[in-house]
Amino acid sequence: MKRITFVLWALMAIMPLAAADNSRIVQNFNFDWRFHAGDVADAQSVSFDDGGWQSVVVPHDFQISQPWVAPAKGEKADNSDIASNVKSRLSSRGFKEMGIGWYRKTFTPDEAWKGKRILLDFEGIMLVGDVYLNGERVGGTEYGYLGFDIDVSKLLKFGQPNVVAVKANTQNPENSRWYTGGGLFRDVNLIVTAPQQHFTRHPLYITTPKVSEAQATVIVQAEMACYLRVKDFKVNTKIVDGDGNTVSDVTNDIPYNRGQKVNEYIVDSVTINSPRLWSCETPHLYKAIVSILRPDGTIADQVCENFGVRWFEYSPEFGFKLNGKKVLFKGNANHHTLGALGAAAYPRAMEKRIQLLKQFGFNHIRTSHNPYSKSFLDLCDKYGMLVVDELYDKWLTQYAGGRTEWLNLWQHDVPEFVRRDRNHPSVVMWSLGNELQQYWSLPFADWGVTPYRLQRELLRRYDNTRPVTVAMHPRGRNLKTDSLPAPLALETDIASYNYRYMYFPGDSRRFPNMIFYQSEANTAMMGPNFFEMDLDKVVGLAYWGMIDYLGESNGWPAKGWVQGAFDVSLEPKPIAYLLWSMFKPDDPVVHIGIIDGDDNTVWNDVKVGSQRMSDHWNRKPGSSLSLYTYTNADEVELLVNGKSIGVKKNTTNPKGRNKIKWDNVKYEPGYIEAVAKKGGKVVARHKIETTTDAVALQATPDNEAWKADGQDLQHVRICAVDKKGRRVQGAQNDITFTVEGPAEIVGVINGDMNSEELTVGNKRRLYKGTATVILRSTREPGKVTLVATTDGLKKVKQVYKTN
């Protein structure tokens, strides 16, 4: 039997702390940038006048404010012929023009930094980027999903202004298959350390080779640089639990090899008695604070990372166990973008999505098909989300930035990817790519086997505690046969099949050591593609695109993907409650979804389109309706205006389980109600009523602890209601927003992917009765007044406070 056991792990972020003597300074570099859309000659020059440029705060996506680019008359606007013309190719990239954006920031470095080691740290530039300091190119990125730093210690001019300029390029339409956004879409920091003794980039490696409920061993490894003539040096390691209690505080002498100035060292091994284990339900985090000490005992450099104590194992017998208990991946595979905000990586927007997914029973996210931000993984650690961390889409230059051959990138990308993310307890599997094995033209012409082996060996140099996979589609040897798994599927630690779960039983019989994970599952087969798996043996699944997103449109006027369970404004669709019923079997639910039509969208030879549904009771008089009641109860009774139209049993048949179909339901104004019973007792109800005309707007904020840090967000949901306070889904009013106080509008959105409106500005039309405005705080605390108005309805005015 093949069994792979992997142990503890942890949250990273390298959120370095500044010690009392300012041993390490991490200065937020996100503010006071100037931006210009389009290429500009000499924009990197110190003397260039950027006074007319737009003031922006990073993270920033310059594409999101660009106009939509409609296909010309007669052009195809879907992915059936994506290479036919530029405008149709833009369907995958959100119908936005590709282009260049310039950023400039002027700052004067502190005189106290002279002689220090000074780094500019960029977490990402989309899609490729170049960085200039005082007119000279000093660095950049060929793969914008990963970060980099630049040592500018000897390049800065002290006592006078310095100019950092960044040129971001989204490249050509064919350089991505989805909306990527563009620009400085993640954090920028300036880091100052001691020059002679310091930590390197992503220096800590925290593992727990032995874990039980009684005891855990924590090993802390660090990569450090030392340029002093010493025999050894001292490193202090402090472990703190989630309540702030010190678990361990030890200073060790580290033998120093003067012939190797930069080296990796085991700095401590700590035993924790009765450890608080990290899990999806109890995501407890510890913190490691590691300090390099100077010969006089003061702190030369210090870094800090959170981590979690846990162990996990994979096996063909049980799939995945966390802390000795079977856990099934119940997941979502989505791109990194955030609706109205585009690619701008705001932690609060990510947190809102994770909270929503957790509410509906999700415990897993696959980062399709590129690394997300560090703050995303921090949040997954905090909320107990299991992550399959993915590095690439295709191993082709076309999809890896398009500017440099992929064969020249992976040796740099793999270490950056793994070292950045390896301490997060949420990360339980590495994925090196997506849907690769159909390409004979991959490097070395063996369906990707050799490139995989090369990358896997490099990855294991930096982390050997997690399995390594690649998502397959199709899972067969090539495009002509599905008779056998692809050679690449037989190489990977975990067999990850997109959509082809039906091959798990047969492949398992022929290859009993294979461990199976459905790395993408489609909405059209929701239910069967979950219940038809042997849930006791598989790792689990990730449903594709459960939150609608910009890009990968199936045709104008849709600006993106619409097959999710939640629309792009995060409103749940009726089918979201089917997921609830599957993912939370012990949490009773019933929800009515009325069929409005059928979507026969086919994507990558897979039917992804599902039935279009709604859950309101304002219908055409005399109409006859078909609907589903989604439930995990034993039976459902359906009533119209209190009159029962029948009781139907749930089924254990995977094709119909948890979704009870009702046909020829006659519409009568009033209400329809589904009553779910289990063991003869009512366990859940869902009632929808005929509403009258809308009379007012309501506003619901989402962030009680809104911080005045210049980047925290407040999402305010606006809803049209009738005189009884019920949401009126037919309302389509144009809403105007005004804001007073220390905040500004950074996004407006509704769930209509066909809307011609942009997601910026201060206006948005209601869709199905709702819209959302997103406010960003400034760095000044105070009261923020939001007013939403529209003709014919009572306005809403609310006051929020930032702290």
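**Cavities and burial in a predicted model**

Biologist: What classes of residue make up the lining of the largest cavity?
Modeller: By class, 12 residues of that lining are nonpolar, 7 are polar and 3 are charged; please keep in mind throughout that this is a predicted model.

Biologist: What makes an empty space here count as a cavity, and how many are there of 30 Å³ or more?
Modeller: A space is called a cavity because a 1.4 Å probe fits into it but cannot get out, and by this rule the count comes to 6 cavities of 30 Å³ or more. The largest cavity has a volume of about 270 Å³. It is lined by 22 residues, and those closest to its centre are His335, His336, Leu338, Arg353 and Tyr372. Two elements, strand 21 (329-334) and helix 2 (347-359), each give two or more residues to the lining of the largest cavity, with helix 2 giving the most, at 4 residues.

Biologist: How do you know whether the protein chain is as compact as a globular protein of its length?
Modeller: The secondary structure of the protein chain comes to 9 helices and 50 strands. For its 803 residues the globule rule gives 28 Å, and the radius of gyration of the protein chain is 27 Å, close to that value, so the chain is as compact as a globular protein of that length. Along the principal axes, the C-alpha atoms of the protein chain fill a box of roughly 90 × 65 × 55 Å.

Biologist: What share of the contacts in the protein chain with a separation of 6 or more comes from residues 24 or more positions apart?
Modeller: Such pairs account for 71% of those contacts; in addition, buried residues make up 62% of the 803 residues in the protein chain.

Biologist: Why is Arg500 called buried?
Modeller: Buried means under 20% relative accessible area, and Arg500 has 18% relative accessibility, so Arg500 counts as buried. Arg500 is found in the loop between strand 28 (495-498) and helix 7 (504-510), and its C-alpha atom is separated by 7.7 Å from that of His473, 27 residues apart along the chain.

Biologist: How do you know whether Asp421, in helix 4, is buried or exposed?
Modeller: The relative accessible area of Asp421 is 0%, and because the cut-off for buried is under 20%, Asp421 is buried. Asp421 has its place in helix 4 (residues 410-421); from C-alpha to C-alpha, Asp421 and Asp463 are 9.9 Å apart in space, although they are 42 residues apart in sequence.

Definitions and conventions: Residues numbered from 1 in each chain as written. Predicted model: local features only at pLDDT ≥ 70, side-chain atom pairs only at ≥ 80, totals over all residues. Heavy atoms only, no water. 1 Å grid on protein atoms, 1.4 Å probe; cavity = no way out; pocket = protein on both sides within 12 Å on 5 of 7 lines; lining within 4 Å. Points joined across faces, edges and corners; volume = space filled by probe spheres on them. Nonpolar A, V, L, I, M, F, W, Y, C, P; charged D, E, K, R; others polar. Rg over C-alpha atoms; globule rule 2.2 N^0.38 Å. Buried < 20%, exposed > 50% of the residue type's maximum accessible area, 1.4 Å probe, protein only. Contact = heavy atoms within 4.5 Å.
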